[in-house]
Amino acid sequence: MAEFLQFAFSGLTVGAIYALIALGFTLIYNASDVINFAQGEFVMVSGMTAVFAAAAGIPLPLAALLAIVVTVLFGILLHRLAIEPARGASPVTLIIITIGASILMRGLAAVFFDKNFHSLPPLAGDTPLNLGGAAILPQSIIVLIGTGIIVTALWLFLNRTLMGKAMLATAANRLAARLVGIDTSAVIGISFVVSALIGAIGGLLATPITLTNYAIGTLLALKGFAAAMLGGMGSPIGAVAGGLLLGLLEAFGAGYLSSQYKDAIAFIVILAVLFAMPQGLFGRASIERV
Amino acid sequence: MTVHRFTSKPYMVVIALATLVLLLPLVLPSAFYLRIAALVFINALAVIGLNLLMGFAGQVSLGHAGFFGIGAYAVTLGPAYLGLPVWASLIGGAVFSALLAFIVGQPILKLRGYYLAVATLGLGLLISMVFTNEADITGGPNGMEVPRLVVFGWRAYGSQTWYWISGVSLVIGAWIAVNLITSPTGRAFRAIHDSETAARVLGIDVPRYKLLVFVMSAVYAAIAGSYFSLFDGFVTPDTTGFIRSIEFVVMAVLGGLGSILGSITGAAILVILPQVLTVFHEYEHIMLGLIMIVFMIFLPGGIVPSLAQRFRRRTA
């Protein structure tokens, strides 16, 4: 039982980070049909900025704030300088642009920071708590609470603010949204800002546990993408569920079956789910118009 | 995503390519350049296969490095464990890739768009993981030495030999691809690309054609993979990794989906550019990312189709 709890907690912690990345994917996809492969880079930029700001003597809360500002700035620049000028191009072209942006951001991080692994001091110390025989890091609980707060805030933003409702309307039907006067181009811009913000907070939450370096973004993007598809592309609830499920699959797969093949186990389950439910767990069935 | 239609003489591309392969050694100053050219040809072969799948039939694959890796390891493991000659292992790798694509393709190709992308991504990762983790057989992350290709007692090594092997193979590969896309099968692919439902209504056996193009593209990738490891003399799991799958997709899109010439251009740019950018030392990746973004902003349909369109507009 203690073992089970241990795996469950580590799975949920990692899964929460995947969920945040998957949420970022979902928001941008809903606004623009684009899969933003630089999503993992937001997490990296935020973690690295905070680490180096803290090392330069800036107090941790300010360093964290700076990291968020820098990451959101990257999100705005990505949209303004790379996505907006290519308006009207096909999604495949835009995806290649985001891959280019991810290579660019990785290169910038390697030059301006370094290529070593770094960590941030955990918020609540590193004495593990004992929960039913399982040792749980306080930071794990902070990651879970933080993710919960972000998901709630995002839900409130989407359902209770005009801007959020405009995003939902754009996701539902872009043409109809434009016809009722929603500036869908601005919605895409906002989706990049919110995705970068979520990625930045994810980076701050995760770095004390998972460490960070200039190259972690690719793997995170891959996992976040898989999580978003597992949950059903375009569904925020699906993104969260997919992320947590992917984290749990990896943790239990590594714990009970094989740590070498934990990613394989996760992907076999994803494939099995997609064969049974081709739209993911929470996805809408798409209707092709001819 | 419009499909670039070969204007009037589709075979001109093949003839132009053959001429290029014949004449290039006359202007290349040293063996180093022949080596780069051979790498371009090998990558282009894999990208042409991927382009058949993505550009013509409209099916995304983020796992093609898996098939590339099967080819790369086939020529290593076949001679080492089964005592097969290298050329037989090369064919064996292609057949194995085709079989795997045939078996996995049936369920996977029912998925659409990004769902297919994540499924192929998973497939590529699984293949790559087997090569990485089964260290007793494959040497794990350290990789393995690859034996020389021997045909009728003749040993193939060196940049010049591989220039010709890969160059001739690329011309043949491009010729087969052009043949295919100008045939009724090619028209079926394009119909599926435009709308699967409409294609089905027209009486096209959509699953069969999707499977056919998936298997073909897997064979292209496997043969290219075999060449790659034979040429290099060493193979590591990086050959089969996610990054390489992404590279193939970038080559195909950058050069222009639906254009054979585009695939070759895309491969040339992504092979040559990092060599040129080494002068920028640590700024190499920054430059590579910037160039990709700028190309896609100004030539959104891919380099070859976008330039061809501009040229036509000017002359018209």
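**Entry 1: helix H2 of chain B.** I began with helix H2 (residues 31-56) of chain B and compared its expected span with the span in the model: at 1.5 Å a residue, its 26 residues should cover 38 Å, and the end C-alpha atoms lie 36 Å apart, which agrees. I note that this is a predicted model. I then looked for a bend and found one of about 35 degrees in H2(B), located at B:Leu50. Turning to burial, I found that 21 of the 26 residues of H2(B) are buried, so the helix is largely enclosed by the rest of the structure. Just beyond the end of H2(B), I recorded a positive phi of about 70 degrees at B:Gly58.

**Entry 2: contact between the chains.** I looked up the contacts between the two chains and found 37 residues of chain A in contact with 35 residues of chain B. On the side of chain A that touches chain B, helix H4 (91-112), helix H9 (217-231) and helix H11 (262-276) of chain A each supply at least two residues. H4(A) gives the most to this side, with 14 residues. I also sorted the side of chain A that touches chain B by class: 29 residues are nonpolar, 5 are polar and 3 are charged.

**Entry 3: confidence in chain A.** I checked how far the prediction supports chain A. Its mean pLDDT is 89, and 98% of its residues reach 70 or more. Within chain A, I found the lowest confidence in strand S1 (residues 129-131), at a mean of 81. The highest is in helix H2 (residues 39-55) of chain A, at 95.

Key:
Residues are numbered from 1 along each chain as its sequence is written. Chains are lettered from A and ligands numbered from 1 in the order in which they are written. This is a predicted model: local features need pLDDT of at least 70, side-chain atom pairs count only at pLDDT 80 or more; totals for chains, interfaces and linings use all residues. Two residues are in contact if their C-beta atoms, placed from the backbone, lie within 7 Å. Helices (H or I, at least four residues) and strands (E, at least two) are DSSP runs, numbered from the N terminus. Ala, Val, Leu, Ile, Met, Phe, Trp, Tyr, Cys and Pro count as nonpolar, Asp, Glu, Lys and Arg as charged, and the others, Gly among them, as polar. The expected span of a helix is 1.5 Å times one less than its number of residues. The bend at a residue is the angle between axes fitted to the seven residues ending there and the seven starting there. A residue is buried if 20 or more other C-beta atoms lie within 10 Å of its own, exposed if 12 or fewer, and partly exposed in between; C-beta atoms are placed from the backbone. pLDDT is the predictor's confidence in each residue, from 0 to 100.
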